[in-house]
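Here is a short report on the structure shown below. It starts with one helix on a sheet and works outward to the contacts between chains.

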Amino acid sequence: MYLWFHKLGSPPHFYRIAGKWIPWLSWIFLMLLLAGLYGGLIEAPPDYQQGESYRIIFVHVPSAWMSLFIYIVMAVCGGIIIVWHMKLAEVVLISSAPIGASFTFLALATGSLWGKPMWGTYWVWDARLTSELILLFLYLGIIGLHNAIDDKRVASRAVAILALVGVVNIPIIHYSVEWWHSLHQGPTVTKFDKPSIHWSMLLPLLLMALAFQVYYVLALFQKCRVELLQRERNSKWVEEL
Amino acid sequence: MSHRLSLTQAFVFLLRRDLLLALRNRAEYAMPLLFFVLVITLFPLALGAEPELLARIAPGIIWVAALLAAMLSLDSIFRSDFDDGSLEQILLSAHPVAVLVLAKVSAHWLVTGLPLLIVAPLLAEMLGMPSAAQTTLLLTILIGTPILSLIGAIGVALTVGLRKGGIILSLLVLPLYVPVLIFAASAIENAAHGFEVSAQIYMLLAFLFLSISLSPWATAAALRMSAT
Amino acid sequence: MSTSTLLETRDLGCIRNDRQLFANLEFVLEAGEMLVVEGPNGCGKTSLLRILTGLRLADGGEILWRGDPIDRLAGDYYEQVAYVGHHDGVKHELSCLENLRLARAMGVPSKRELDEVLEQVNLYAYGETEVGSLSAGQKRRLALARLLATDSKLWILDEPFTSLDKTSMSMFASLFEQHLEQQGLIVMTSHHDISLPGQNVQHLLLGTQA
């Protein structure tokens, strides 16, 4: 088991394995996406309160989940980088950041689009959206800091620390924003938080979540391979490619 | 062979050194305080001096100004030491760096955060904040500004070696300041209306203890990284 | 490995800006010995010294002090090391004495009185003077005075003689000799040719490593 983990951590080995998986992952992602979209856009009945416009949750909610999940993955990589200095963890961390930021942005954009038919404005200072906005800043901070440091090994350690500090702060920020929102917005129930969980709605939601997960792994593998080539360009195994 | 100083002695030594340096660089340390006052002055100019409006937004703008002033002052924690090689000497010390970092951050707070306690009541008066809220204002500043120094120190430690470090520092640190802002402003506002503030104050105290226990380690790790 | 081996490196590597500066670097330093690191500019002399102090992580290999890896020893290793790098490491707003007191607080104080230390580096008259008003050579002497103010076995010096005149250079050269005679160790780089006759001096040439 340890040997497998150790082997996976070796860049040339990962490069090969990731390369083999990419076509499979693409197909799986497409199938899940189509199934989820079909279930969400066509099969699921219109919500009795919001009509058709609620359907955006099938993109909005999984995006928000992914934005949080990816940050946690980055924080775990951060821990691995600081303790074991594992090169692959460095690559996974920095490759995940733009993907995570994109999901965060997608969550914000879909939340915004949802807001328009609901409340007539594109932006609502809702607790979830505000938290997502701050999360976007945290992602941009990691990307920015990594860009600003020339030596990429040092940069990896810097963003590792930042990711760990961020992950500790995320629950704090989330709780603070929830608290703030409940103070100022009164008892308005936002449909962001609790869509009526009917099976015909839950299934497509889960399918979309799974599809996004697969997409993350797919995009991650692609980005990691590029990043590995970039970082190891002077090493033997790259020259042999 | 004589032995190294006790950790407490080293802590006090470094704290006093930083206070001494601040004393000899008075002008540099006065700037954030002036900035604090200046920013607050801008709001009545921008929004009109209607007493009701000012009194309502006073808690918020005082704390936003405090955040911005803290951001401005952060650079001074490690910049000078980084430039003249003293930071390396601190990292090579026989004592745990996290504790030495805590000494430096404490000195920073004493020099930049504590003075706000003196200036804030005056500004609160200028903005028409009811006196009932002013005690809470002081309490939030007393508990909140050390948190700003502690969290800010992590950001400075990460960016002190960068050419354009100051720009990215705000991006890194301001999102982390949001919880302090929320609870501090809310506490003062509650106090102004005569409501309970214990929940907010307890949250701030919790943040403070969390920061004191975790931030020095993160800062020390970041400093080692920056010194490479 | 004899019992007087204090500093040892195994398989040490360094990568900077994607270039492998050196790899598989090995040397052994015993009490009373000095290592002079030589090589062209940019070959990694400063990086090697910083790796030895622990300020920089090695890209492979390990460094042992009395047989233990230095990252595990941490504070116990640092208290035996004195480092004078490119920067002087002194605060310009403080006086010479204040700077030396701080150096002692950070490390292990030596038995010498600070007045004695300043006397030895010809800065006695500047004890209470702010360092900012001193010349470059005087600041460098103060930086090196740290070596006398603290009690450290291993001196790691990166171009210690920068800005020094010939008298100061020979004064410090004899200080280095004394340190070696008292069973201390020195690792240094220098553009200047310092001769320490009668001492155990190893030379390490970088820039020719694969």
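## The sheet of chain C and its helix

Helix H1 of chain C, residues 45–53, lies across S1, S2 and S4 of that chain. Its direction is about 125 degrees to S1(C). The model is predicted.

The sheet beneath this description is open and has 4 strands. Their order in chain C is S2-S1-S4-S5, and the pairing is antiparallel. Which strands stand at the edges? They are strand S2 (19–30) and strand S5 (68–69) of chain C. Each has a single partner strand, so one side of each is left without a neighbour in the sheet.

Strand S1 (residues 5–16) of chain C runs antiparallel to strand S4 (residues 62–65) of chain C, and 4 bridges join the two. In one part of this ladder, C:Arg10 has C:Glu62 of S4(C) as its bridge partner.

## A parallel pair in chain C

S6(C) pairs with strand S7 (residues 154–158) of chain C in the parallel sense. The pairing covers 4 bridges. C:Val81 stands opposite C:Leu154 in S7(C).

Are the residues that point away from S6(C) buried or exposed? C:Val81 and C:Tyr83 point one way, C:Ala82 and C:Val84 the other, and all are buried.

## Where chain C meets chain B

The contact takes 26 residues of chain C and 25 residues of chain B. Three elements of chain C each supply at least two residues to the side that touches chain B: helix H3 (75–78), strand S6 (81–84) and helix H4 (96–106). The largest share, 4 residues, comes from H4(C). By class, this side of chain C has 12 nonpolar, 7 polar and 7 charged residues.

S6(C) therefore appears in two roles: it pairs with S7(C), and it supplies at least two residues to the side of chain C that touches chain B.

## Helix packing in chain B

Two packed helices are described by the angle between their axes and the distance between the axes. Three pairs in chain B are taken in turn.

Helix H2 (residues 26–47) of chain B and helix H3 (residues 51–74) of chain B cross at roughly 145 degrees, and their axes come within 9 Å. The crossing of H2(B) past H3(B) is right-handed. From H2(B), the residues that meet H3(B) include B:Phe35, B:Phe36, B:Val39, B:Ile40 and B:Phe43. Among those they meet in H3(B) are B:Ile61, B:Ile62, B:Ala65 and B:Leu72. The contact of H2(B) with H3(B) has 19 nonpolar residues, 1 polar and no charged ones.

## Two partners for H6 of chain B

Helix H1 (residues 7–24) of chain B and H6(B) have axes that come within 8 Å and cross at roughly 35 degrees. H1(B) passes H6(B) in a right-handed crossing. H1(B) brings residues including B:Leu7, B:Phe11, B:Leu14 and B:Asp18 to the contact. H6(B) brings, among them, B:Leu100, B:Ala103, B:Lys104 and B:Leu110. By class there are 13 nonpolar, 1 polar and 2 charged residues in the contact of H1(B) with H6(B).

Helix H6 (residues 97–112) of chain B also packs with helix H8 (residues 131–159) of chain B. What is the angle between H6 and H8 of chain B? The angle is about 135 degrees, with the axes 9 Å apart. That makes H6(B) oblique to H8(B). Their crossing is right-handed. B:Val101, B:Val105, B:His108 and B:Trp109 of H6(B) make this contact with B:Thr145, B:Pro146, B:Ser149, B:Leu150 and B:Ala153 of H8(B). The classes are 6 nonpolar, 3 polar and no charged residues.

## Chain A and its contact with chain B

Chain A has 8 helices and 0 strands. Of its 241 residues, 41% are buried. Take contacts in chain A between residues at least 6 apart in sequence: 80% of them join residues at least 24 apart.

How many residues does chain A give to its contact with chain B? Chain A gives 23 residues, and chain B gives 20 residues. The elements of chain A with two or more residues on this side are helix H5 (127–148) and helix H6 (152–184). H6(A) provides the largest share, 14 residues. This side of chain A divides into 18 nonpolar, 4 polar and 1 charged.

Definitions and conventions. Residues are numbered from 1 along each chain as its sequence is written. Chains are lettered from A and ligands numbered from 1 in the order in which they are written. This is a predicted model: local features need pLDDT of at least 70, side-chain atom pairs count only at pLDDT 80 or more; totals for chains, interfaces and linings use all residues. Two residues are in contact if their C-beta atoms, placed from the backbone, lie within 7 Å. Ala, Val, Leu, Ile, Met, Phe, Trp, Tyr, Cys and Pro count as nonpolar, Asp, Glu, Lys and Arg as charged, and the others, Gly among them, as polar. Axes are lines fitted to C-alpha atoms, for helices over the stretch in contact, and angles run from 0 to 180 degrees between N-to-C directions. Angles under 35 degrees count as roughly parallel, over 145 as roughly antiparallel, 65 to 115 as roughly perpendicular and the rest as oblique. A crossing is left-handed if the near helix is turned anticlockwise from the far one by less than a right angle, and right-handed if clockwise. Two strands pair if DSSP finds at least two bridges between them. A residue is buried if 20 or more other C-beta atoms lie within 10 Å of its own, exposed if 12 or fewer, and partly exposed in between; C-beta atoms are placed from the backbone.
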